[in-house]
Amino acid sequence: MTPARRAAVLGSPIAHSLSPVLHRAAYAELGLEDWSYDRFEVDEAALPGFIEGVDASWAGLSLTMPLKRAIIPLLDEISPTAASVEAVNTVVFTEDGRRVGDNTDIPGMIAALRERGVEKVESAAVLGAGATASSALAALAVICAGPVTAYVRSRERGDEMRGWGQRLGVDVRVADWAEGARALEAPLVIATTPAGTTDAVAADVPQNPGILFDVLYEPWPTVLAAAWAARGGPVVGGLDLLVHQAVLQVQQMTGLASGPLVAMRAAGEEALTRRHLDA
């Protein structure tokens, strides 16, 4: 028998999160009967109080917006991966009481692409310039041999993406969002924007598209993803990212060597199907 341990996802809003579904599926597959995983509505103001209330039964936390940067001052240590983008989505509580932060979004992106056979690309395009875009640049630092063009809405966002590129060692070139249709010609396109934002360029998917990585998982498929697939292009979706980063979280929080990817993905797909039917 394993001792009872707790974990949870924090954020605001949090009701939509699939993390409990994925982590609970992992615990069931791994035989961790006394482990629990919950969700808590926590904003930046409430975060310090929540962290102070954590006791020795807690194994770890998953963090979503707007907490990925707010958590950093409350930690004892963060990994180089998390430091590279100043964002933490995973906290592990060690046996000696330390709080250690990591970012599994970046290796999760790389793993999701590699699962589809994408090891290296010569160039890439990123649609958007938010927190997910910076994680995308960190992933591209590993798999992209050439320049990355970021399509953004403002000069300030462009400067931010150039700054992340310099920090991460990526040759970032900036283009105006109005030229977003040109992004679809890249060998790898990573769409990091909110639902509906890329709908307008879906009609411009080329005849022989490269690879699309659309980080959304709900609604799915997005208009862009559907148009891409209709052209025969490979599509990596937000659920792929969510599952791969969650597998890494399970490994870190439980200390086990691997997480049950297949079981977690099946649970996520089933949950999304139920949501669609209930809508």
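Is the crossing of α4 and α8 left-handed or right-handed? The crossing turns out to be right-handed, and the close-ups below, all taken from a predicted model, start with that pair.

**Figure 1. Helix α4 meets helix α8.** Here you're looking at α4 (residues 105–115) packed against α8 (residues 238–254), with the two axes 8 Å apart and an angle of about 120 degrees between them. That angle makes α4 oblique to α8. On the α4 side, the residues in contact are Asp105, Pro107, Gly108, Met109, Ala111, Ala112 and Glu115. Their partners in α8 are Asp240, Leu241, His244, Gln245 and Leu248. Sort the residues of this contact by character and you get six nonpolar, three polar and three charged.

**Figure 2. The buried residues of α4.** Tucked away in this helix are Asp105, Ile106, Gly108, Met109, Ile110, Ala112 and Leu113, which are buried. What covers them? The cover includes the helices α3 (80–85), α5 (131–143) and α8, plus the strands β10 (188–191), β11 (211–214) and β12 (235–236). Just after α4 comes Gly117, and its phi is positive, near 85 degrees.

**Figure 3. A sheet of six strands, with helices lying across it.** Follow the open sheet from one edge to the other and the order reads β9-β8-β7-β10-β11-β12, with parallel pairing. The edge strands, β9 (172–176) and β12, each pair on one side only. Zoom in on β8 (residues 148–152) and you'll find five bridges joining it to β9, with Thr149 standing opposite Arg173. Now look for the helices: α4 lies across β10, β11 and β12, running at about 145 degrees to β11. Helix α7 (residues 223–230) also lies across β10, β11 and β12, but runs at about 160 degrees to β11.

**Figure 4. Val121, a buried loop residue.** You'll spot Val121 in the loop between α4 and β7 (124–127). Why does Val121 count as buried? Its relative accessibility is 7%, and buried means under 20%. Leaving out residues up to four places away in sequence, Val121 touches Ile143, Cys144, Ala145, Gly146 and Leu188. Ser62 is another story: its C-alpha atom is separated from that of Val121 by 30 Å, and the two residues are 59 apart along the chain.

**Figure 5. Strands β1 and β2 side by side.** Strand β1 (residues 5–11) is mostly covered, with five of its seven residues buried. Its neighbour here is β2 (residues 35–41): the two run parallel and are joined by seven bridges. To get your bearings, find Val9, which stands opposite Arg39 in β2.

Methods
Residues numbered from 1 in each chain as written. Predicted model: local features only at pLDDT ≥ 70, side-chain atom pairs only at ≥ 80, totals over all residues. Heavy atoms only, no water. Axes fitted to C-alpha atoms, helices over the stretch in contact; angles between N-to-C directions. Helix = DSSP H or I, 4+ residues; strand = E, 2+ residues; numbered from the N terminus. Parallel < 35°, antiparallel > 145°, perpendicular 65-115°, else oblique. Left-handed = near helix turned anticlockwise from the far one by under 90°. Contact = heavy atoms within 4.5 Å. Nonpolar A, V, L, I, M, F, W, Y, C, P; charged D, E, K, R; others polar. Buried < 20%, exposed > 50% of the residue type's maximum accessible area, 1.4 Å probe, protein only. Pairing = 2+ DSSP bridges.
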